[in-house]
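Let's walk through this structure together, going from its open space to its sheet and then to its aromatic rings.

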Amino acid sequence: MPRPSLTAVVRQATDADVAEIARICSTVYRDTYRELLPEGYIERSVVAFYDERRVAREIAPAPSQWFGYQVVEEHGRVLGAAGGGMISARAGELSLVYLEAAARGRGLGTLLLDRVVTQIREAGGREVWVSVFLGDSPGIAFYRARGFQPVSTVQASLSRVDDHIVSLRMRRMLD
Ligand SMILES: CC(C)(COP(=O)(O)OP(=O)(O)OC[C@H]1O[C@@H](n2cnc3c(N)ncnc32)[C@H](O)[C@@H]1OP(=O)(O)O)[C@@H](O)C(=O)NCCC(=O)NCCS
């Protein structure tokens with residue numbers, strides 16, 4: 001169990017965080033999936049999800065489908081971002097969690113995950129879902145270590161028929 005930093009805080013993002021969120025999510029996405037996914041798919045996804053204008057539009061909550069971006073900050077620097085919302089009355093989804101490489105392995109990803117799980121629980125969720133690319137062993141290991149179990153496979157969002165990019169749907173039941 002990594003020891004969470006005592007100086008890191010997770011908070012609701014504001015408009016002032018847009019550029020940092022877009023930068024972190026784009027950089028980490030490209031680095032994480034370089035070996036796993038076709039370059040065209042990576043760039044399509046980065047533009048679709050983590051372009052500054054898109055992040056700016058989604059910075060605020062749109063209850064209950066989207067709780068707004070969450071960020072983890074330490075010594076005044078944003079180090080990572082996460083976000084999620086409800087997909088039905090009783091189920092929530094963690095849509096993303098990305099942390100700068102230098103900040104990993106000391107509990108900050110778990111702080112972000114816990115924040116979104118708490119939001120889902122408070123919105124009435126009894127289960128949390130997440131999509132991970134099939135073959136993303138570190139990602140799958142992280143979610144397994146946090147109580148998620150694989151349930152099914154689906155075509156990844158933005159995947160075209162000839163990409164054959166598959167996501168693993170994982171679920172954690174809340175007590
Ligand atoms: C996934 C990510 C958010 C985890 O954040 P983190 O701060 O490094 O993780 P934490 O320190 O909070 O917790 C790590 C836990 O997961 C486990 N784990 C297993 N494989 C891991 C891996 N490759 N990377 C990180 N944690 C891993 C650790 O053992 C630990 O569990 P434990 O405390 O029970 O030992 C971060 O590594 C990241 O941004 N990765 C790149 C992007 C990504 O893969 N996002 C998620 C997939 S959609």
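A strand here is a DSSP run of E with at least two residues, numbered from the N terminus, and a residue lines a pocket if it has an atom within 4 Å of one of the pocket's grid points. With those terms in hand, look at the model, which is a predicted one.

Start with the empty space. Rolling a probe the size of a water molecule over the atoms shows where such space is left. In this model, the largest pocket has a volume of about 1,200 Å³. Its lining counts 47 residues, and the closest to the centre are Y33, L96, V97, Y98 and Y143. Which element gives the most to this lining? That is β4, with seven residues. At least two lining residues also come from each of several other elements, including the helices α1 (18–33), α2 (39–50), α4 (108–122) and α5 (137–145). The strands β5 (127–133), β6 (149–155) and β7 (166–173) each supply at least two as well. Sorted by class, the lining holds 25 nonpolar, 14 polar and eight charged residues.

Since β4 has such a part in the lining, it is worth following this strand into the sheet. Strands of a sheet pair through backbone hydrogen bonds, either parallel or antiparallel. Here, seven strands make an open sheet with mixed pairing, in the order β1-β2-β3-β4-β5-β7-β6. The edges are taken by β1 (8–12) and β6; each has a single partner strand, so one side of each is left without a neighbour in the sheet. On average, neighbouring strands are turned by 30 degrees against each other, direction ignored.

How is β4 held in this order? On one side it pairs with β3 (residues 77–86) in the antiparallel sense, over seven bridges, and G83 stands opposite L96 in β4. These two strands form a hairpin with four residues between them. With β5, the pairing of β4 is parallel and runs over four bridges; there, A91 stands opposite E127 in β5. Is β4 enclosed or open to the outside? Eight of its nine residues are buried, so β4 is largely enclosed by the rest of the structure. Out at the edge, β1 runs antiparallel to β2 (residues 70–74), joined by five bridges, and R11 stands opposite V71 in β2.

Now turn to the rings. A pair of aromatic rings is described by the distance of the centres and the angle of the planes. A search of the whole structure finds eleven aromatic pairs. In one of them, Y29 and F133 meet edge-to-face, at 6.5 Å centre to centre and with 85 degrees between the planes. Because Y29 lies in helix α1 and F133 in strand β5, this pair ties together parts that are 104 residues apart in sequence. Both count as buried, which here means under 20% relative accessible area: Y29 has 4% and F133 has 9%.

Another pair is F142 with Y143: the ring centres are 5.2 Å apart and the planes stand at 65 degrees, so this pair is edge-to-face. F142 is partly exposed, with a relative accessible area of 26%, whereas Y143 is buried at 9%.

Finally, Y29, Y33, Y41, F49, Y50, Y98 and F133 form one aromatic cluster. Two of its names, Y33 and Y98, should be familiar, as they are among the residues closest to the centre of the largest pocket.

How values were computed
Residues numbered from 1 in each chain as written. Predicted model: local features only at pLDDT ≥ 70, side-chain atom pairs only at ≥ 80, totals over all residues. Heavy atoms only, no water. 1 Å grid on protein atoms, 1.4 Å probe; cavity = no way out; pocket = protein on both sides within 12 Å on 5 of 7 lines; lining within 4 Å. Points joined across faces, edges and corners; volume = space filled by probe spheres on them. Nonpolar A, V, L, I, M, F, W, Y, C, P; charged D, E, K, R; others polar. Pairing = 2+ DSSP bridges. Axes fitted to C-alpha atoms, helices over the stretch in contact; angles between N-to-C directions. Phe/Tyr/Trp six-rings, centres within 6.5 Å; stacked < 30°, edge-to-face > 60°. Buried < 20%, exposed > 50% of the residue type's maximum accessible area, 1.4 Å probe, protein only.
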